[in-house]
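Notebook open, coffee poured. I want to work through this one piece by piece and jot down what I find.

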Amino acid sequence: MSVFTDVYAVGHPNPDPNVPEKLETNFESAAAKRADNAVEVADSLMKNRFSCRWYLPKPVEKETIEAIIDAARCAPSGNNMQPWEKVYCISGAVKDAISRELVEGNTTHPEAYSGQYHYYPTGPIPPVYAKRRFDFGKYFYAPLHVDHGDLKARARVSVRNYEFFNAPVAFIFTINNALTQGSWMDLGYFLQSITIAARARGLETISQESTARYQLILRKHLPIGDNEIVALGMTMGYPDLDKIAEFTAKQPKREVSDIIEFFGI
Ligand SMILES: Cc1cc2nc3c(=O)[nH]c(=O)nc-3n(C[C@H](O)[C@H](O)[C@H](O)COP(=O)(O)O)c2cc1C
């Protein structure tokens, strides 16, 4: 008898005979087997994370990247579909060639490019979100001494996206175009797992919807299939803490009491 005949009613189609009789159950329980400082470490990895736009010119080992993906691949997903279709990891000459074309595209004819989905609403945004978005700009541009209304200066700042912020490594994440919002949510779990696994190794990241918008250029350099939607870019590297201290303001976050409502507890 297999675990499936235990669970499913009589008459359920026969389970795959390749499914093991006994499921692996040696999950490490965080509660039963946790390091003394697990809470402190986990909270610090999450609470101190930030989008890193300044990196040291120090390479990231391929083994380290594999270890990060090895951790992140354990992210949950609906029906365990694991819809992180492909992770394209670029560095060195390939990254430089892509970057040159992205910068050119962004500075000369950005209107020729668009993403395969709307990251932001195309219609009106509810005021609370519009305000947070406006506040983001204030915190973002102030340490760069860029006036919110100075569009030329803002463009000079935003072109750094296409230089991958001088990070040694960048990623392009794709998702199958037959999949729906649930799978996009799953992809988010995977992506955040990468950012945290990277931090645990002294690395930082920034997610980039901006590079996904230039998917036509990315497709020229990478074997991205027609059924793949370019969902997101991300850079990764060792942080340049001096530059970060000078040019980055911590973005404000909502208070716990503003986020959660309790019932019956
Ligand atoms: C999916 C996603 C896409 C993003 N795309 C960009 C981007 O293209 N360029 C950029 O500078 N920041 C990008 N960001 C970073 C956000 O601006 C940043 O997360 C937000 O302002 C909060 O700041 P923090 O990450 O430092 O807490 C992106 C973040 C996410 C989650």
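In which sense do β3 and β4 pair, and over how many bridges? I looked it up: the two strands pair in the antiparallel sense, over five bridges. One of the pairs puts I206 opposite T235 in β4. Note to self: this is a predicted model.

**Entry: the sheet**

Next I traced the whole sheet. It is an open one with four strands, ordered β1-β2-β4-β3, and the pairing is antiparallel. β1 (86–91) and β3 sit at the edges, each pairing on one side only. From one strand to the next, the twist averages 25°. A reminder for myself: strands of a sheet pair through backbone hydrogen bonds, either parallel or antiparallel.

Then I went to the other neighbour of β4. Strand β2 (residues 169–176) is joined to β4 by eight bridges, and these two run antiparallel. I picked out two of the facing pairs: I172 stands opposite G233, and V169 has M236 as its bridge partner in β4. Helix α7 packs on this sheet, where it touches β2, β3 and β4. Its direction makes about 155° with that of β3.

**Entry: β4 and the core**

How many residues of β4 are buried? I get 10 of 10 for this strand, which spans residues 228–237.

I followed that into the largest nonpolar core, which has 38 residues. Those with the most contacts inside it are A170, F173, L187, I194, A231, M234 and M236. At least two core residues come from each of α3 (62–72), α4 (92–108), β2, α7, α9 (215–221) and β4. This fits a general habit: in soluble globular proteins, nonpolar side chains tend to be buried together.

I took A231 as my example. Leaving out residues up to four places away in sequence, A231 touches F173, T174, I175, L187 and A212.

**Entry: around the ligand**

Which residues surround the ligand? My list reads F50, S51, F136, N161, I206, S207, Q208, E209, S210, L232 and Q251. I sorted this shell by type and got four nonpolar, six polar and one charged. β3 (204–208) and α8 (209–212) each supply at least two of the shell residues. β3 gives the most, with three. I206 turns up twice in my notes: it is part of the ligand shell, and it bridges to T235 in β4.

**Entry: the end of α7**

A200 belongs to helix α7 (residues 181–200). Why does A200 count as partly exposed? Because it has 14 C-beta neighbours inside 10 Å, and the partly exposed class lies between 12 or fewer for exposed and 20 or more for buried. I also checked A200 against M46: they are 154 residues apart in sequence, with 10.0 Å between their C-alpha atoms.

**Entry: two odd phi angles**

Most residues other than glycine have a negative phi, so I went looking for exceptions. Q82 has a phi near 50°, a positive value. Where does Q82 sit? I found Q82 in the loop between α3 and β1. Q82 is partly exposed, because 16 other C-beta atoms lie within 10 Å.

N166 also has a positive phi, near 60°. I place N166 in the loop between α6 (151–158) and β2. N166 counts as partly exposed, since it has 16 C-beta neighbours inside 10 Å.

Notes. Residues numbered from 1 in each chain as written. Predicted model: local features only at pLDDT ≥ 70, side-chain atom pairs only at ≥ 80, totals over all residues. Near = placed C-beta within 6 Å. Nonpolar A, V, L, I, M, F, W, Y, C, P; charged D, E, K, R; others polar. Pairing = 2+ DSSP bridges. Core = buried A, V, L, I, M, F, W, Y, C linked by C-beta atoms within 7 Å. Contact = placed C-beta atoms within 7 Å. Axes fitted to C-alpha atoms, helices over the stretch in contact; angles between N-to-C directions.
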